[in-house]
Amino acid sequence: MRKSSRKTTPRVGFVSLGCPKALVDSERVLTQLRAEGYATSASYRDADLVIVNTCGFIDAAVEESLDAIGEALAENGKVIVTGCLGAKDGMVRSAHPSVLAVTGPHDTDAVMRAVHDHLKRPHDPYTDLVPPQGVRLTPRHYAYLKISEGCNHRCSFCIIPSLRGDLVSRPLGEVMQEAERLVDAGVRELLVISQDTSAYGVDIKYRTGFWNGRPMKTRLTELARALGDLPGAPWLRLHYVYPYPHVDELIPLMAEGRLLPYLDIPFQHASARILKRMKRPANAENVLERIAAWRRICPELAIRSTFIVGFPGETEAEFGELLDFLDEAQLDRVGCFAYSPVDGAAANELDGAVAEELKEERRARFMHAQARISRARLEAKVGRRLRVLVDTVEEGGAKARSTADAPEIDGVVHVRHARKLQAGEFAEVLIEKSDEHDLYGRVA
Ligand code: SF4
């Protein structure tokens, strides 16, 4: 009798925690597992072993990761740990001494070596069953495209460089090939990610690479131009862009429609003194003027940013500077965190800790101010026709996103009369109303 494939195919359970960069690492490991003939399991019980891709960014993420490892050990018993927390081997092993292996982030080879050590590789590699775009955890119509790993900066509140190392840019041809495969497989929106997208190519001195037989510098502007020329005109959205001078070169590409008019720029603060204490790669000088100039070239530009309030030493006046900046910058989407010390971060040594209640109070005041701005900016879109990408269609309506909305982090466009729409399709929507986060409309 033929054995069922359930019995013969080794199965791996996978838990993926953390940010989009960690998600891409998970996709790579899952792709490799599938390429080698392993199956994935939806439950701990059916898995022969479990891989937990962890996050170590803030204390809450560390706790969540350690809990996930504990749960996988209790339910399955055989666990391989990878990801950012994996860089802290000692911490993982002291909490969970029985894990099979611990590897650091973006190290597919090390994860696969650990899998091979504990779960025999299947005879038939099933290579032909792996889709050319790899295994992805995002919906079919959008995908993250990681262009580099690590970061050359040393922001005092951040431990990412110690977890993920210095900047390593992926070869331009490799990034382009991956983007082309994704678009061929039906992806309509590419989200470019890294720790520091603007720095792409700095580590290899903007070395000349090749794409379609043409020499091209490994540099963000050139990459964005090439991605913008991909057949099928997918949406191309840039995340984690620091406002280095050459970012100005991207704005005309947005005005021409080759790139989405969207910039995710983590400004973090507006006070020059606080930015210095944060050791941020770019300071606030000229930022307001540059934003105004960008909007003159590309009026559709949507800017998303994140800020930290209550950073050690932040005075009431400096917080006030931040509120003034917010008022003038009129950003579209904003996230705000009350400063929380991360184990191992240089900022922990700074004097002037801000009391918890004060941090929370400042965060609330900040969010209140931004809510007003956000509401007004969305209200200004009422009556306009916007091109949207449909994410989901349910009875009674669809959820879609305009060029100003990145998945998961920004708002959405709720579309009524959407019965004929399908997920992954572009549509024109007439905007009828708005609130603080979202837009509402009908198919135009
Ligand atoms: S730029 Fe700063 S915050 Fe961003 S990853 Fe690098 S060190 Fe961390």
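## Close-up views of a predicted model

**View 1. Helices H2 and H5 where they meet.** In this predicted model, helix H2 (residues 20-35) and helix H5 (residues 108-118) bring their axes within 10 Å of each other and cross at roughly 45 degrees. That angle makes H2 oblique to H5. On the H2 side, the contact is built from Arg28, Val29, Gln32 and Leu33. H5 answers with Thr108, Val111, Met112 and Val115. As for handedness, H2 passes H5 in a right-handed crossing.

**View 2. Helix H3 and its two faces.** Helix H3 takes in residues 59-75, and its 17 residues should span 24 Å at 1.5 Å a residue; the end C-alpha atoms are indeed 24 Å apart, so the two agree. Look for the buried residues here: Ala61, Val62, Ser65, Leu66, Ala68, Ile69, Ala72 and Leu73. They cover an arc of only 155 degrees around the axis, which puts them on the same side of H3. A bit of helix geometry is handy at this point: an α-helix has 3.6 residues a turn, so residues three or four places apart point the same way. Flip to the face turned away from the buried side and you meet the exposed residues Ala60, Glu63, Asp67 and Ala74. The buried residues of H3 pack against strand S1 (11-16), strand S3 (49-54), strand S4 (79-83) and helix H4 (89-95). Just past the end of H3 sits Gly77, with a positive phi of about 100 degrees.

**View 3. Helix H13 and what covers it.** Helix H13 (residues 356-379) has 24 residues, and from its first C-alpha to its last it reaches 34 Å, close to the 34 Å expected at 1.5 Å a residue. Its buried residues are a mixed bunch: Lys359, Arg362, Phe366, Ala369, Gln370, Ala371, Ile373, Ser374 and Leu378. The elements covering them include strand S14 (302-309), strand S15 (333-338), strand S19 (426-434) and strand S20 (439-443), along with helix H12 (316-329).

**View 4. H12 alongside H13.** Here the axes of H12 and H13 are 10 Å apart, and the helices pack at an angle of about 15 degrees. That makes H12 roughly parallel to H13. H12 brings Glu316, Phe319, Leu322, Leu323, Leu326 and Asp327 to the contact. From H13 come Arg362, Arg365, Phe366, Ala369, Gln370, Arg372 and Ile373. Arg362, Phe366, Ala369, Gln370 and Ile373 also appear among the buried residues of H13. The crossing of H12 and H13 is right-handed.

**View 5. H11 alongside H12.** H12 also packs with H11, at an angle of about 10 degrees and with the axes 10 Å apart. H11 and H12 are therefore roughly parallel to each other. Val287, Leu288, Ile291 and Arg295 of H11 make the contact with Phe325, Glu328 and Ala329 of H12. This crossing, too, comes out right-handed.

**View 6. Ala329 in H12.** Zoom in on Ala329, which lies in helix H12. At 1% relative accessibility, Ala329 counts as buried. Set aside the neighbours within four places in sequence, and Ala329 is in contact with Leu288, Ile291 and Arg295. Those three residues belong to the H11 side of the H11-H12 contact. Glu436 is 107 residues away from Ala329 along the chain, and their C-alpha atoms are separated by 17 Å.

**View 7. Ile303 in strand S14.** Ile303 lies in strand S14, one of the elements that cover the buried residues of H13. With 0% relative accessibility, Ile303 counts as buried. Not counting residues up to four places away in sequence, Ile303 touches Leu263, Phe267, Ile291, Trp294, Arg295, Leu331, Asp332 and Arg333. Take Leu331 from that list: Ile303 and Leu331 are 28 residues apart in sequence, yet 5.5 Å apart in space, C-alpha to C-alpha.

**View 8. Positive phi at Tyr206 and Lys279.** Tyr206 has a phi near 55 degrees, a positive value in a residue other than glycine. Tyr206 sits in the loop between strand S9 (189-193) and strand S10 (208-211), and at 27% relative accessibility it counts as partly exposed. Lys279 also has a phi near 55 degrees, and it isn't a glycine either. Its place is the loop between helix H10 (272-278) and helix H11 (287-297). Lys279 counts as exposed, at 53% relative accessibility.

Definitions and conventions. Residues numbered from 1 in each chain as written. Predicted model: local features only at pLDDT ≥ 70, side-chain atom pairs only at ≥ 80, totals over all residues. Heavy atoms only, no water. Helix = DSSP H or I, 4+ residues; strand = E, 2+ residues; numbered from the N terminus. Buried < 20%, exposed > 50% of the residue type's maximum accessible area, 1.4 Å probe, protein only. Expected span 1.5 Å × (residues − 1). Arc of directions from axis to C-beta. Contact = heavy atoms within 4.5 Å. Axes fitted to C-alpha atoms, helices over the stretch in contact; angles between N-to-C directions. Parallel < 35°, antiparallel > 145°, perpendicular 65-115°, else oblique. Left-handed = near helix turned anticlockwise from the far one by under 90°.
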